[in-house]
Amino acid sequence: MIKRFMTLLVALMLAGPVLAQDGPLRLTITDGVIEPITFAVPAFEAETPAAQQAATDISRLVVQDLAGTGLFREVPATAFISQVSSFAQPIAFPDWRAINAQALITGAVTVNGEQLVVKFRLYDVFSGQELGQGLQFAGTTSGWRRMGHKVADAVYSRITGEGGYFDSRVVFVSESGPKDNRQKRLAIMDFDGANIQFLTDSSTIVLAPRFSPNGDRVLYTSFESGFPRINVLNVANVGRQQLQTAPGEMAFSPRFSRDGRQVIYSLSNGGNTDIYRTDLGTGQSVRLTNAPSIDTAPSLSPDGSQIVFESDRSGTQQLYVMSANGGEARRISFGEGRYGTPVWSPRGDLVAFTKQNAGRFHIGVMRTDGSEEKLLTSSFLDEGPTWSPNGRVIMFSRETQGAGGTSSLYSVDISGRNLKAVPLQGGASDPSWGPLQP
Amino acid sequence: MTYFKKTAVLLLVLATAACTNPDRFGGAGADGANGAAGAGANGAVAGSASDPSSPLFFNQTIGDRVLFAVDTSTITPEGRTILDGQAQWLLTNADYRAVIEGHADEQGTREYNLALGQRRANAVREYLVSRGVPATRLQVTSYGKERPLAVCSEESCYAQNRRAVTVLSFSAITS
């Protein structure tokens with residue numbers, strides 16, 4: 001998973017009480033061996049009396065975000081030799097080297113009324129250098145978590161060279177009640193399960209929401225008419241609008257185009273399900289598949305030129321890739337079992353999917369030509385993967401077996417490591433991970 | 001609708017013919033679809049499950065649902081017998097419409113199961129039309145795996161959940 005520069009690897013292998021590090025602090029995420037980067041976060045300095053709580057909370061959140069990736073390991077405060085009481089104070093690097101902290105993050109928080117400003121510095125302890133420039137973020141006291149996530153994103157990005165994913169939100173279906181009378185509501189949360197906000201009530205079944213590319217709207221399937229129909233919901237004011245569907249037709253499985261102006265979705269009529277594209281502005285529709293089979297779960301490539309989708313045209317659910325304008329499709333899944341819910345990665349290199357085989361469900365990834373299939377999870381019922389904005393983590397639904405079965409959200413690294421539940425009260429399903437927030 | 005359900009529960013004890021439980025999700029779907037008067041009020045007035053013109057007779061004596069094998073939408077021989085009865089009843093009671101609700105068991109992904117339920121409901125609709133029921137009186141919807149009747153994770157429950165239910169609504173045909 002993580003490969004460091006060879007010099008550092010050698011240094012780690014020979015490590016005594018004090019590590020030597022020849023190269024700069026850098027972690028390249030690959031499929032190699034994992035050895036987390038160690039880091040220390042002394043409590044951020046409160047520069048105003050009102051900032052005390054926020055300073056403590058934000059520094060803990062930075063730790064939680066970084067350690068939660070499995071790529072970083074915290075050196076706890078109990079091991080610290082020196083403290084950092086002032087943001088401006090010079091760093092005593094030998095004290096941090098002595099406790100094997102490779103990275104040191106210092107910060108300060110100012111609170112004036114509702115305004116909160118956090119600034120931080122990241123140090124490469126073993127080279128005794130600052131990594132990148134000091135940076136500050138301004139927000140509100142109620143939005144303190146976002147400020148913490150932004151600091152953690154910046155640290156993650158500087159050390160890995162890739163974008164972060166902490167200051168992002170997930171739209172999902174909040175579930176309650178027994179299996180035969182499950183209540184479902186659309187909800188939004190921070191990626192870590194905090195700040196839940198409900199977007200609909202539980203008066204009707206809602207399914208499979210999808211964020212727009214910039215996170216301003218959500219597409220989902222609703223049963224308010226008694227028939228599955230597609231709604232577009234404005235996240236800011238919770239206003240809704242329904243995609244026009246002819247009588248007798250069922251519309252579901254909607255996803256936004258990359259520019260957010262069109263909807264790609266499934267339309268069922270007469271027992272046949274095909275994929276269509278409708279322009280939200282003009283209402284004009286184009287039919288993209290034309291097979292007497294179930295064609296659903298479309299997902300656009302990042303450049304918008306291709307669509308991966310599932311079809312049972314061969315007799316069982318399998319994955320296919322076609323041009324974004326429809327036409328001939330090429331099958332990419334050939335392993336045992338059934339494949340569904342393909343989702344193209346934000347980097348464009350992989351497709352995540354749900355696989356059903358021998359009575360078990362798996363979340364997996366494969367290259368876009370179907371090669372190098374890798375299963376990341378296995379359970380009674382895992383389904384519906386969604387990608388983190390940087391394409392490193394997948395979130396999905398896991399339903400437990402039996403009469404008391406409930407659904408929860410889990411995340412897993414694309415290496416298959418770091419499988420964990422998203423901490424939420426109550427049931428949840430169908431996550432859709434939105435973009436990094438501006 | 002509430003009255004209808006109470007009546008149905010009472011009559012369940014008395015019913016001599018093979019019967020199935022009323023689908024408690026069916027009524028809501030039909031109401032929502034048509035905004036028409038529910039079948040329930042009419043059925044309760046019309047009488048018991050032994051009254052051949054009553055919706056209770058349709059739901060219980062004939063049977064309002066057919067079951068399917070895993071990942072198929074083929075009507076079984078048992079299903080054909082039930083649907084022949086449904087078609088006969090619908091032809092006799094021309095003031096009723098129906099929404100056919102397709103369902104799937106939990107062994108499948110959510111959106112695929114929606115499409116599979118639609119395929120099952122449509123198979124029922126096509127069969128009823130082939131028996132002479134006007135297509136304009138029959139609508140189709142699917143709940144996929146969202147509304148299981150039986151909640152265990154075994155074939156005994158899955159078999160009951162892979163169903164298409166014909167939900168009646170009383171409504172004069174206007175078009």
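Reader: Why is A:E372 called exposed?

Author: Let's count its neighbours in this predicted model. A:E372 has 10 other C-beta atoms within 10 Å. A residue is called exposed if that count is 12 or fewer, so with 10 A:E372 earns the word exposed.

Reader: Where does A:E372 sit?

Author: You will find A:E372 in the loop between strand 27 (360-367) and strand 28 (374-375) of chain A.

Reader: What makes the phi of A:E372 worth a look?

Author: Phi of A:E372 is near 55°, which is a positive value, and the residue is not a glycine. Most residues other than glycine have a negative phi. A second case is A:N418, also not a glycine, with a positive phi of about 60°.

Reader: Is A:N418 buried, exposed or partly exposed, and how do you know?

Author: A:N418 has 17 other C-beta atoms within 10 Å. Buried needs 20 or more and exposed needs 12 or fewer, so 17 falls in between and A:N418 is partly exposed. Its place is in the loop between strand 31 and strand 32 of chain A.

Reader: What makes strand 31 and strand 32 of chain A count as a pair?

Author: Two strands pair if at least two bridges are found between them. Strand 31 (residues 407-413) and strand 32 of chain A share two bridges, in the antiparallel sense, so they meet the rule. In one of the bridges, A:Y410 has A:A421 of strand 32 as its partner.

Reader: Which sheet do these strands belong to, and why are some strands said to stand at its edges?

Author: The sheet of chain A is open, with four strands in the order 29-30-31-32 and antiparallel pairing. Strand 29 and strand 32 (420-421) each have a single partner strand, so one side of each is left without a neighbour in the sheet.

Reader: How do you know whether helix 2 of chain A has the expected span?

Author: Helix 2 (residues 52-68) has 17 residues, and from its first C-alpha to its last it reaches 24 Å. At 1.5 Å a residue the expected value is 24 Å, and the helix is close to it.

Reader: Which residues of helix 2 of chain A are buried, and what do they pack against?

Author: The buried residues of helix 2 include A:A54, A:I58, A:L61, A:V62 and A:L66. Among the partners of the buried residues are strand 6 (103-112), strand 7 (115-124) and helix 4 (144-160) of chain A. A:G68 of helix 2 counts as partly exposed, with 17 C-beta neighbours inside 10 Å. Its C-alpha atom is separated by 9.3 Å from that of A:K420, though the two residues are 352 apart along the chain. After the helix comes A:G70, with a positive phi near 80°.

Reader: Why is chain A called as compact as a globular protein of its length?

Author: Chain A has four helices and 33 strands. Its radius of gyration is 24 Å, close to the 22 Å that the globule rule gives for 438 residues, so the description fits. Along its principal axes, the C-alpha trace spans about 75 × 50 × 45 Å. Chain A is divided into domain 1 (38-160) and domain 2 (171-436), and their C-alpha centres lie 36 Å apart.

Reader: What makes helix 4 of chain B largely enclosed?

Author: Nine of the nine residues of helix 4 (residues 55-63) of chain B are buried, so the rest of the structure largely encloses it. Among them are B:L56, B:F57, B:F58 and B:I62. Across chain B, buried residues make up 53% of its 175 residues.

Reader: Which elements does chain B have?

Author: Chain B has seven helices and four strands. From the N terminus on, they run α-α-α-α-β-α-β-α-β-α-β.

Reader: What makes a residue count as in contact with the other chain, and how many do?

Author: Two residues are in contact if their C-beta atoms lie within 7 Å. By this rule, 34 residues of chain A are in contact with 26 residues of chain B. The largest share of the side of chain A that touches chain B, three residues, comes from strand 17 of chain A. By class, this side has 12 nonpolar, 18 polar and four charged residues.

Terms used: Residues numbered from 1 in each chain as written. Chains lettered and ligands numbered in written order. Predicted model: local features only at pLDDT ≥ 70, side-chain atom pairs only at ≥ 80, totals over all residues. Nonpolar A, V, L, I, M, F, W, Y, C, P; charged D, E, K, R; others polar. Expected span 1.5 Å × (residues − 1). Domains from an automatic or database assignment. Rg over C-alpha atoms; globule rule 2.2 N^0.38 Å.
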